[in-house]
Structures are given as structure tokens and as C-alpha cells.
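Reader: I have a new model open and would like to walk through it with you. Where do we begin?

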Amino acid sequence: MSKFTAKPTPPKKPVEPESSEDEAEEDFEGSDKEEQNTGGKPPDEAPKKTFADLGVIESLCEACTNLGFKHPTPIQEQSIPLALEGRDIIGLAETGSGKTAAFVIPMLMALMEKPQSLFGLVLAPTRELAYQISQQVEALGSLINVKCAVLVGGMDMVAQAIALGKKPHIVVATPGRLLDHLENTKGFSLRYLKYLVMDEADRLLDLDFGPILDKILKVLPREGRHTYLFSATMSSKVESLQRASLHNPLRVSISTSSHQTVASLLQKYIFVPYKHKDLYLIHLLNDNIGHSVIIFTRTVNETQRIAILLRTLGFGAIPLHGQLSQSARLGALSKFKSGSRDILVATDVAARGLDIPSVDLVINIDLPPDSKTYVHRVGRTARAGKSGKAASFVTQYDVEIWLRIENALGKQIDEEVIPKDEAMVLMERVSEAQRVAVREMKDIHEARGRKGGMMRGRKGNRGRDDMDREEG
Ligand code: AMP
């Protein structure tokens, strides 16, 4: 077990865990098992904790109530008391577990005790995640007037510099843009920083942010600084990062393995002939009218084509992928969040960390390349105790990869059968919509070709500013 794991004060819990060498993790496995036994809900007789029970002050408890957080989630229940004891934390929690509030609440409590500008820094790998975190900081800190600035690529540096000039308490940033400001924005320094959070830490490292992170860490104070590192999985890279920046941290985890999916998630696979994927998709969507759905595809092209196909057939679909401008991506997300569109067609750019509430169904029209991505994709549903469904299309070409995913999950997923003749009924309408989509895609490519000619000079020059923007 990790040498960074220390033994926390055992919290009271309704179910005694089995013996294990890692007490912090063991406590979580206890609460996780309890959820699995009861379909995601604790048993009636188990008294649920409140935020006040964890030591959270009144104004923040009130903010939680205002946000509809009645009881802490398992990761919050486990990590908040330890953080309030002043410990550094490595939180291993799946997406949708409530991990943002788990690190924001202790940071805000410390801020209230000793208010100071540039008190906390949260690093996130993508622009969307950074915005989401800042929204939670602002929502949780609304009763205590917390000021938060967001520093991400693709947005105006000057406006961000002005926001920094207003002395925010908390900065939420992607690494490349933060370093740009540290190097170029006059008067901006994080010399007196008290809290550093790295969210989706494995992703920060995946995206080759390593050298940039090293530069940032060098200019942050080490003494008197608390560090929280949150990640869905614990890769060896994360372990090397923790060596660089954490003081004797406690590890808390609500996953029993890196391939954990929540118990309230119903997973199915549908065997689909490759050439009829669109037909089966429309059939499935017709069965789920009124539900919020994310459809994951493998490529930007497919994302656009499917969005056009669905719109042509009258569905409220919106695409989200890495080739959209930043404002288009934010616009797509907010339309989906507000419910004005109920189908988001996305590449894996949307699979990580995005807080998209109450998604009822995730459809993998293209299988993800690996099991880790599968877990992140299906983690878009069944969040924060709600139930949800994930349906994966497996074609004659995908059997091997599907078996690999099942193997990594450690269980067989049930098949959902869509009778072929039921799907075929839609053939005529879908074929017509496919023709429309092909035509529109051709127009998009032609327009892109014209633009590409003008932008040729920039090719191959992936600056810092682009690093927080994922491909695909
Ligand atoms: P996160 O894992 O931080 O992205 O959070 C996932 C979702 O759960 C977000 O929409 C949060 O607003 C919500 N959430 C966080 N904590 C709680 C809680 N204690 N009770 C209910 N919902 C929560």
C-alpha cells in the first residue's frame, strides 16, 4: 500500500468494513459496499450524516442546502473531516461523486478564518471543468462573498489580468494559461497561496502538462500550503506528482478499483450490425423521448454528422467536440444543461469531469478505445445517487474490444435486444436524413478547407494556450 497513506481517526460508520491494510480506503469500501447492497441508497436505519456533523460551518451548510445538497456524499463525508483537521488529501473518487464540493468546502472554511486574496488555486485540465469548478466555488461561497477568477486558454488575457487585479480569493485555472499570467501579468504572484487543488490530476499529467506543472509548483510556497489532489484513478504518474507537492497526505477513496462504476448505473450492450448503427440509434432515442442523453462518438466528423442527422429527424441535438471555438463549446454545454437541447453528441472531450446534471442515458454509438474511457463516459449518468443507464453499441467489428472492457470491469454486461424488424421500420426516414447529413457535412468541409488555407502558417504549433483544449 502507498507509503503516503496514514491512518485517519476512524469515522463512525453504519457498516463495519472487512480488514484491510489501508484504513482510509477501507472505510470507503465499507460505504461503497453498503450502497451496492441497497441499490445505491443507504439502508433506512442508517442515520445519514449532515454537513454540520462533519464540522462544516453554518453559512456553508446553508449554501449546501440552497444547492440541494441534503447530505454529504461518501467522498465528502470521508474527506471533509480530514481536510478540516488540516491534512493534505489524495482523493480517489469517480466522476459524479461530489468531489468538487469535497475540496471546495474545506478551502472556503479556511478562507473564512483568515481571509486573504489569492488564497486558493484550483488547477484543472480542461476549460469546461475549470468553469464548472468556479461555478461551484461561487455557489458555495455565495453567502460569504467569495471572489473567484477563471484563467483558461482561448479567452482574453487582458480581461483575466483585470480580474486578477481585483484580488480574487480563489483562482481556478488550466496550467498553460496560469503560467502565462505568472510570467507576464504584472503584479500577479501566488507567493502567499494557502491551498492548492489539482483536480483530475491523472488527466493533468496525461495531457503533457508535466513540465508546465513543474514550473508552476516551483513558484508556489511549500511551507504553510495545503494540497489536495483529486483523481478518478491513481496512476504511477499521479504518485510521482504527489511526491513533488504533498505533505504526508491521507488517501481517501470510494472506489474499490480504478474501474469502478456506481451501483445505480444500469449498463447494457446492444449488438448492432455496423451498417445499421444510425437506425438502431434512432430506435433507441424514440424509446427515450424526454430523457436527457449523451451520445459518444469516436471522431469530430461523426459528432457533427450525427447531430445533423438527429436534428433533421426533429431531435433536439447539439454537438460538442474539440474543434468548436471555446464560446461555441460553452454555448453547447449551457444549452444542454438548461434543457433547451436534450441530446448532446460528444467526443471524449466531454467525457471527463464535466458536470452535466441529470443525464438519464449515455449511448456509446462508437465504443471507447479502452476501459478507462468507458468508465469516464458512463460516469456522465447515475451521478450523485441518481439512477441512470448506459447503452453500448457493439458491432461485428467490436467484439474483441468489448470483451476487453468487460474484462477490465470484472463483470459481464447484459445484452439489450432491439429486434431488427423494429429498427428497420425507420429505414426510409433515416436514409433521407442521412443524405441531408452527408450534404451538410460536405458544405462544412468545403468551408473548413477555405479557412484551412488561410491558417496554414500556424500548423504544428501547439502553444500553451491550446493545451487545455483537448483534441477530438
Ligand atoms: P462532482 O463530482 O463534483 O462533479 O459533482 C457531481 C454533481 O453532484 C454536481 O452536480 C454537484 O452539484 C452534485 N453534488 C455534489 N455534492 C452533492 C451532495 N452532497 N448532494 C447532492 N448533490 C451533490
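**Reading the strands, then the rest**

Author: Let's start with a strand pair: β3 and strand β4 (residues 170–173) run parallel, joined over four bridges. Within that pairing, Leu151 sits opposite Ala173 in β4. Keep in mind that this is a predicted model.

Reader: How does the chain get from β3 to β4?

Author: It goes through helix α6 (residues 157–165), and this β-α-β crossover is right-handed.

Reader: And which way do the side chains of strand β3 point?

Author: In strand β3 (residues 148–151), Cys148 and Val150 point one way, while Ala149 and Leu151 point the other way. Every one of these four is buried.

Reader: Back to α6 for a moment. What goes on at the start of α6?

Author: Look at Asp156: one of its side-chain oxygens comes to within 3.2 Å of the backbone nitrogen of Val158. Just after α6, check Lys167, which has a positive phi of about 55°.

Reader: When I look along a helix, which residues point the same way?

Author: An α-helix has 3.6 residues a turn, so residues three or four places apart point the same way. The protein has 17 helices where you can try that, along with 14 strands.

Reader: Let's take another strand. Which strands pair with β5?

Author: Strand β2 (residues 120–123) pairs with β5 in the parallel sense over four bridges, and Gly120 stands opposite Tyr195 in β5. Strand β6 (residues 226–231) also runs parallel to β5, again with four bridges; there, Met198 faces Leu229 in β6.

Reader: Are the faces of strand β5 buried or exposed?

Author: Both faces of strand β5 (residues 195–198) are covered. Tyr195 and Val197 lie on one side, Leu196 and Met198 on the other, and all of them are buried.

Reader: Now a polar residue. Where does Asn364 lie, and what does its side chain contact?

Author: Asn364 belongs to strand β12 (residues 361–364). Its side chain makes a polar contact of 3.1 Å with the side chain of Arg377. Leaving out residues up to four places away in sequence, Asn364 touches Phe296, Tyr374, Arg377, Val378, Ala391, Ser392 and Phe393.

Reader: Why does Asn364 count as buried?

Author: Because its relative accessibility is 0%, and the cut-off for buried is under 20%.

Reader: Arg380 is charged, and I'd like to place it too. Where is Arg380, and why does Arg380 count as buried?

Author: Arg380 is in the loop between α14 (371–378) and β13 (388–394). It counts as buried because its relative accessibility is 1%. For orientation, Arg380 and Ala390 are ten residues apart in sequence, with their C-alpha atoms 9.1 Å apart.

Reader: Let's zoom out. How much of the protein is buried, and how much area does the protein expose?

Author: Of its 472 residues, 54% count as buried. The exposed area is about 21200 Å², with carbon and sulfur atoms supplying 51% of it. As for contacts between residues at least 6 apart in sequence, 76% join residues at least 24 apart.

Reader: And which stretches have pLDDT under 50?

Author: Where pLDDT is low, the predicted coordinates should not be read in detail. The protein averages a pLDDT of 80, and 78% of the residues score at least 70. Residues 1–45 stay under 50, although the model gives them 69 contacts beyond four places in sequence. Residues 453–461 are also below 50, with two contacts beyond near neighbours in sequence.

Technical notes: Residues numbered from 1 in each chain as written. Heavy atoms only, no water. pLDDT = per-residue confidence, 0-100. Contact = heavy atoms within 4.5 Å. Helix = DSSP H or I, 4+ residues; strand = E, 2+ residues; numbered from the N terminus. Buried < 20%, exposed > 50% of the residue type's maximum accessible area, 1.4 Å probe, protein only. Areas by Shrake-Rupley, 256 points an atom, 1.4 Å probe, with all protein chains shown as cover. Pairing = 2+ DSSP bridges. Right-handed = clockwise from strand over helix to strand, strands pointing away. Polar contact = N/O pair within 3.5 Å; in protein donor to acceptor, adjacent residues only side chain to side chain.
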